[in-house]
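Biologist: Can you pull up the model so we can go through it together?
Modeller: Sure, here it is.

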Amino acid sequence: MIGLVLFGLFVALMVIGTPIGVAMGLAAAAAIALSNLDTLWFGLLAIPQNFYASLGKYPLLALPMFVLVGTIFERSGVASRLVNLAIAILGRGPGVLPVVAILVAMLLGGISGSGPATAAAVGGVMLVAMSRAGYPKPFSASVIGASAAIDILIPPSIALIVYSILVPGASVPAMFAAGLLPGLLFGVALMVPAFLLARKHRMGDAEATLPRPAFWPSLREASWGLAAPVLILGGMRAGLFTPTEAAVVAVFYGLFVGMFIYRTIGMRDLFAIFRDAGELSAIILIVVALAGIFAYALSTLSLIDPITAAITGSGLGEYGVLALLLLLLIAVGMVLDGVSIFLIFVPLLMPIALFYEWDLVWFGVMLTIMVAIGQFTPPIAVNLMVSCRIANVRIEETTRWVLWFLLAAGMVLLALVIFPALATWMPTVLDY
Amino acid sequence: MVTQMTEPDSQPISDNDPKTKPRIPLAIEDYLSAGAMAALALMTFANVLVRYFTDQSFAWTEELSIFLMIVLALVAGSGAFAKQHHIRIEFFVQRCKAHNQRRLNQAVTLLSALMFAILAVLSARLVWDDIQYGDISPGIGVPQWWYSIWLPALASVITLRLLGLWVRLGDRS
């Protein structure tokens with residue numbers, strides 16, 4: 001009965017457009033009060049306690065720092081320089097530009113932690129270039145929307161940070177290491193249909209006639225950007241930095257490159273950068289804080305056990321449950337971002353993962369891929385929304401192309417089910 | 001990988017619309033959150049440098065960093081509420097008729113105000129405990145209520161911002 005109040009209210013509030021955090025907080029408050037009617041303050045003092053406790057975690061500091069890194073690099077003009085380098089390496093020819101777009105999205109993913117931000121950064125540079133080379137806009141928007149989804153998988157990823165905060169035993173470095181291989185695989189998997197579709201439909205024939213940038217100058221220009229993922233991941237790997245420290249070093253490195261090397265960031269932009277990063281961090285942190293209350297309600301009102309029992313006892317079996325999760329997460333991935341999804345579902349799904357004795361690091365990567373797929377599944381996916389807005393096409397027009405990318409992403413997921421080592425091998429080797 | 005789910009063109013309140021602009025400028029929140037963000041970055045960076053060059057860590061800054069992060073979440077969150085930038089699902093609302101959309105928007109704003117009013121009142125109660133029992137912070141050793149008092153204070157600010165937004169949303173009809 002109280003479970004019904006909690007979930008029913010939550011879903012109803014979300015559907016009418018209540019901010020996610022508020023929907024979780026209010027639903028939790030109602031459920032807590034109903035089950036503590038005879039207690040002092042109806043047991044609601046747990047609300048501020050959990051609000052405070054959810055935010056008062058030192059590892060969480062990595063989140064605003066990586067948001068800041070993303071905001072800085074997004075404005076530093078590193079995207080266009082990476083594009084130049086990629087073209088210089090891969091050459092000109094039909095089918096190359098889509099591959100370049102995916103490659104650059106992956107590299108940017110290694111710097112920033114935000115998919116839609118990458119969609120905007122890559123889209124801003126690539127869409128014009130791709131139209132000029134003769135690629136239809138819906139195709140370009142599909143490529144960019146899909147490739148930006150890799151971001152939540154390739155470290156540093158804000159979604160993975162949040163997962164590791166929710167799951168004891170899956171540390172941030174372990175999650176980052178685990179996301180790397182599947183992230184690269186995801187990128188390569190997207191390149192295959194991008195290249196083949198371009199060839200088959202004779203798109204981008206004009207590309208071969210466009211000038212090819214010289215290799216060495218492009219490399220020199222782009223090396224400042226290329227060094228960032230090395231600094232972040234290498235510094236963490238070498239044990240030099242904690243994730244938070246790696247992020248803050250990248251912040252100052254990015255500011256240095258933007259202000260003194262590329263000269264794309266002026267004093268005036270600094271305020272806007274800090275303000276926007278502050279607001280974006282706050283938007284996430286408010287959900288984190290209020291989701292803490294929701295998670296508290298879930299666990300203290302013993303609502304999770306019956307759900308776990310119902311699912312594990314349903315006779316679906318391990319793979320049936322995984323398939324069910326896939327459908328569920330793709331559906332919510334269409335309307336919600338990865339961080340919110342994790343905050344809602346990870347507390348619910350953890351006992352199921354423990355029941356089947358799934359590796360929690362592997363499980364985190366699986367969930368992330370499922371959400372990533374949802375983020376470019378038409379008709380309402382977030383990343384597609386961004387890239388379609390830049391390209392000025394309707395999301396429906398992308399469907400015939402996006403389906404191929406979804407198929408490719410599905411293969412990655414399948415590969416991860418068959419070979420869990422794809423996710424677990426790196427963290428083991430690196431000793432996290 | 002987080003974004004606003006809102007599409008800028010469909011945003012009911014724009015920052016530049018004179019009719020819907022809050023009377024108390026949002027620049028207050030903007031400057032405070034930019035400042036908090038910069039302070040967080042500087043403090044964390046200073047921590048790295050100090051640890052490297054002196055082999056000492058100033059662990060006590062952890063307490064301040066966490067406090068600043070909470071303040072950042074509430075202050076910048078307040079601005080984001082006034083601008084309606086918080087993450088929400090707009091898919092279903094956008095499929096409603098215009099006047100229903102406006103009504104839903106008002107209702108949602110009022111519900112959000114309720115959430116933060118609850119938080120303000122209850123957290124004030126906790127601050128009272130901190131003061132009464134004279135709790136001391138574990139890191140720096142200052143009275144705990146120096147930190148905890150900001151939760152009710154800033155939650156009240158958010159509540160007022162949301163009520164202001166609710167009034168402005170009503171004015172337009």
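**Chain B and its contact with chain A**

Modeller: Chain B has five helices and zero strands. Keep in mind that this is a predicted model.

Biologist: What pattern does chain B follow along the sequence?
Modeller: It reads α-α-α-α-α.

Biologist: How much of chain B is buried?
Modeller: Of the 173 residues in chain B, 47% are buried.

Biologist: And the accessible surface of chain B, what does it come to?
Modeller: About 8,500 Å², with 64% on carbon and sulfur atoms.

Biologist: What share of the contacts in chain B with a separation of 6 or more joins residues 24 or more positions apart?
Modeller: That share is 75%.

Biologist: Switching to the partner. How many residues does the contact take from each chain?
Modeller: Chain B gives 61 residues and chain A gives 68. Together the two chains bury about 6,000 Å². Carbon and sulfur atoms carry 80% of that buried area.

Biologist: How many salt bridges between chain B and chain A?
Modeller: One. It pairs A:Glu279 with B:Lys83, and their closest N and O atoms are 2.8 Å apart. There are also four residue pairs in polar contact between the chains, counting pairs with both residues at pLDDT 80 or more.

Biologist: Which elements of chain B give two or more residues to the side that touches chain A?
Modeller: Helix H1 (27-54), helix H2 (60-82), helix H3 (98-133) and helix H4 (145-148). H1(B) has the largest share, 15 residues.

Biologist: And by class, what is on that side of chain B?
Modeller: The side touching chain A has 41 nonpolar, twelve polar and eight charged residues.

Conventions
Residues are numbered from 1 along each chain as its sequence is written. Chains are lettered from A and ligands numbered from 1 in the order in which they are written. This is a predicted model: local features need pLDDT of at least 70, side-chain atom pairs count only at pLDDT 80 or more; totals for chains, interfaces and linings use all residues. Side-chain values use heavy atoms; hydrogens and water are left out. Helices (H or I, at least four residues) and strands (E, at least two) are DSSP runs, numbered from the N terminus. Buried means under 20% relative accessible area, exposed over 50%, partly exposed in between (1.4 Å probe, protein chains only). Contact means heavy atoms within 4.5 Å. Accessible areas come from the Shrake-Rupley method with a 1.4 Å probe; for residues, only the protein chains shown count as cover. Buried area is the accessible area (1.4 Å probe) that two parts lose on being put together, summed over both. A salt bridge is a side-chain nitrogen of Lys or Arg within 4 Å of a carboxyl oxygen of Asp or Glu. A polar contact is a pair of N or O atoms within 3.5 Å; within protein, one must be able to donate a hydrogen and the other to accept it, and residues adjacent in sequence count only if both atoms are side-chain atoms. Ala, Val, Leu, Ile, Met, Phe, Trp, Tyr, Cys and Pro count as nonpolar, Asp, Glu, Lys and Arg as charged, and the others, Gly among them, as polar.
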